[in-house]
Amino acid sequence: MNESKLRVLFVASEAYPLVKTGGLGDVSYSLPNALRGLDIDIRLLLPGYPAILKRLALIEVHENINLYPLKTPVRILAGTMPGEITPVYVIDCPYLYDRDGGPYQDDDGIEWSDNALRFGMLSKVAALFGSHHLLFKPDIVHCNDWQVGLAPAFSSFNTIDTAKTIMSVHNMAYQGIFGPEVIELFGLPPESFSMFGLEYHGKVSFLKAGLFYSDWITTVSPNYAKDIQTTNYGCGLNGLLSEHQHKLTGIVNGIDTNAWNPETDEFINRNYNVDSLLIKVRNSQDLRNKLKLAPSKQSPIIGMITRLTEQKGIDLVVPIIPDLIKEGVQLAILGSGDRKLEKSLQELASLYPKQISVTIGYDEELAHQIEAGANLFLMPSKFEPCGLNQMYSMHYGTLPIVRNTGGLADTVVDATPDNIQNKIATGFIFENEDSEELLTCIKRALRIFNHDKTSWRQLQVTAMNRDFSWEKSAKQYVSLYRQLLN
Ligand code: ADP
């Protein structure tokens, strides 16, 4: 192996700015960029969704590749990530990927019925790269989430020398569970369908396959690496993870400090930094105007940008909204997902139109404007593998209110009197999944915002000065890659 040019194929089902539904999309863009900066020859493998085929200038590098026993015709195209030099391979298979709707669901939020085949195909092609049958011959195949979970299984049943595999878990709650017919469909050995393999309660679990057969498992924060070994957070795979803890590491995500930088952010009207925090106030006015909230100089704005799923703790927020209104708070919420949650938030917004703004949908520009304009950012998640928005928030001097779980606990330092005095506090933490506790925590934050401007400024400065860049974490990935190859 050439020590200075380690070759990695990074395989994911989404990557910003091509296709993004959540944090995985951000990581698939910014981690490979950071790793290229550390002299790793890292390349992406993505499914050929229409958004990717349209956006990238691609050339064919392989035609009709042999994916026995699958007969679906597949070509491999190659290009580079927009505005970057990271090479990207795209699986061109119109039958599986060329359709309107999202990467995982149709426009009505229904999972695609052929997801087993769509992502089994992604895994199969990844393993083919790993077994050195294609142009690029990686030393490591870095698989992300259940969509690539079968790749370590395919690789481990290969008799020839293959690349090492890493399974990175961005969220244990999504496991890719399908019927046992998957075994025959992909020509997996029947003995793999066992407890000591990819079987999960009589079905096939793509994520379990990845965890079981990979050479190493990572997850996106040290705390979450511990959490998922417990019944509460392991989503049924905690036993397996405890048994495999010798090959499990938590590496906290970084953020892309080019895309998320209040000093250069092109989506906000007024750029600012830690020395010009007064300008942030004008971003708050802009946000109020844009969202048609009541003009005000004092009302604190609490922001939320989120997938609307149970995980994110929206049900803790809804019951305390009237109390927040009484406190004079304004809320700027952006999200999409669960139709019931969307509806209950919209109803609240119509009750208090000058106090609450709810935007349903996905809006990158508004997300940046909320980060710049809000004073506080709410993430009361029931569980949170890492979370990115709390880090974006701190970087924008918008103090996060988070529950003490997973990556939130790893990245936010609670504003206790001692921590404020020691100049290490960056946000507000509450403990239990409980609306009253959340409300008490918000009131604690509001007291400082309203009555102790010096401490507030100190908290903002500490938060903005924290280093959330990818560099440190990317180096941990490089060490892991090297350790696996030695
Ligand atoms: P998760 O991956 O669980 O959704 P993260 O906090 O890790 O949560 O990452 C979410 C990412 O998706 C962030 O970049 C966030 O800004 C973005 N995001 C989520 N919902 C929306 C939305 N409705 N509009 C714009 N960006 C969104």
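Let's start with a pair of helices in this predicted model: H10 and H14 are oblique to each other. Helix H10 covers residues 278–291 and helix H14 covers residues 364–373, and the two pack at an angle of about 135 degrees with their axes 8 Å apart. That angle doesn't make the cut for roughly antiparallel, which needs over 145 degrees, so the pair counts as oblique. As for handedness, H10 and H14 cross in a left-handed way.

Who does the touching? On the H10 side, the contact involves Lys-280, Asn-283, Ser-284, Leu-287, Lys-290 and Leu-291. H14 brings Glu-365, Leu-366, Gln-369, Ile-370, Glu-371, Ala-372 and Gly-373. Sort the residues of this H10–H14 contact by character and you get five nonpolar, four polar and four charged.

Now over to the sheet. It's an open one, built from six strands with parallel pairing, and the order reads S15-S14-S13-S16-S17-S18. At the edges sit strand S15 (356–360) and strand S18 (428–430), each pairing on one side only. Ignoring direction, neighbouring strands are turned by 15 degrees against each other on average.

Zoom in on one pairing: strand S13 (residues 301–308) and strand S14 (residues 330–337) run parallel and are joined by eight bridges. Arg-307, for instance, has Ser-336 in S14 as its bridge partner.

Two helices pack on this sheet. Helix H18 (residues 435–451) touches S13, strand S16 (376–379), strand S17 (399–403) and S18, and its direction makes about 160 degrees with that of S18. Helix H19 (residues 453–465) touches S16, S17 and S18, with its direction at about 80 degrees to that of S17.

Conventions: Residues are numbered from 1 along each chain as its sequence is written. This is a predicted model: local features need pLDDT of at least 70, side-chain atom pairs count only at pLDDT 80 or more; totals for chains, interfaces and linings use all residues. Side-chain values use heavy atoms; hydrogens and water are left out. Axes are lines fitted to C-alpha atoms, for helices over the stretch in contact, and angles run from 0 to 180 degrees between N-to-C directions. Helices (H or I, at least four residues) and strands (E, at least two) are DSSP runs, numbered from the N terminus. Angles under 35 degrees count as roughly parallel, over 145 as roughly antiparallel, 65 to 115 as roughly perpendicular and the rest as oblique. A crossing is left-handed if the near helix is turned anticlockwise from the far one by less than a right angle, and right-handed if clockwise. Contact means heavy atoms within 4.5 Å. Ala, Val, Leu, Ile, Met, Phe, Trp, Tyr, Cys and Pro count as nonpolar, Asp, Glu, Lys and Arg as charged, and the others, Gly among them, as polar. Two strands pair if DSSP finds at least two bridges between them.
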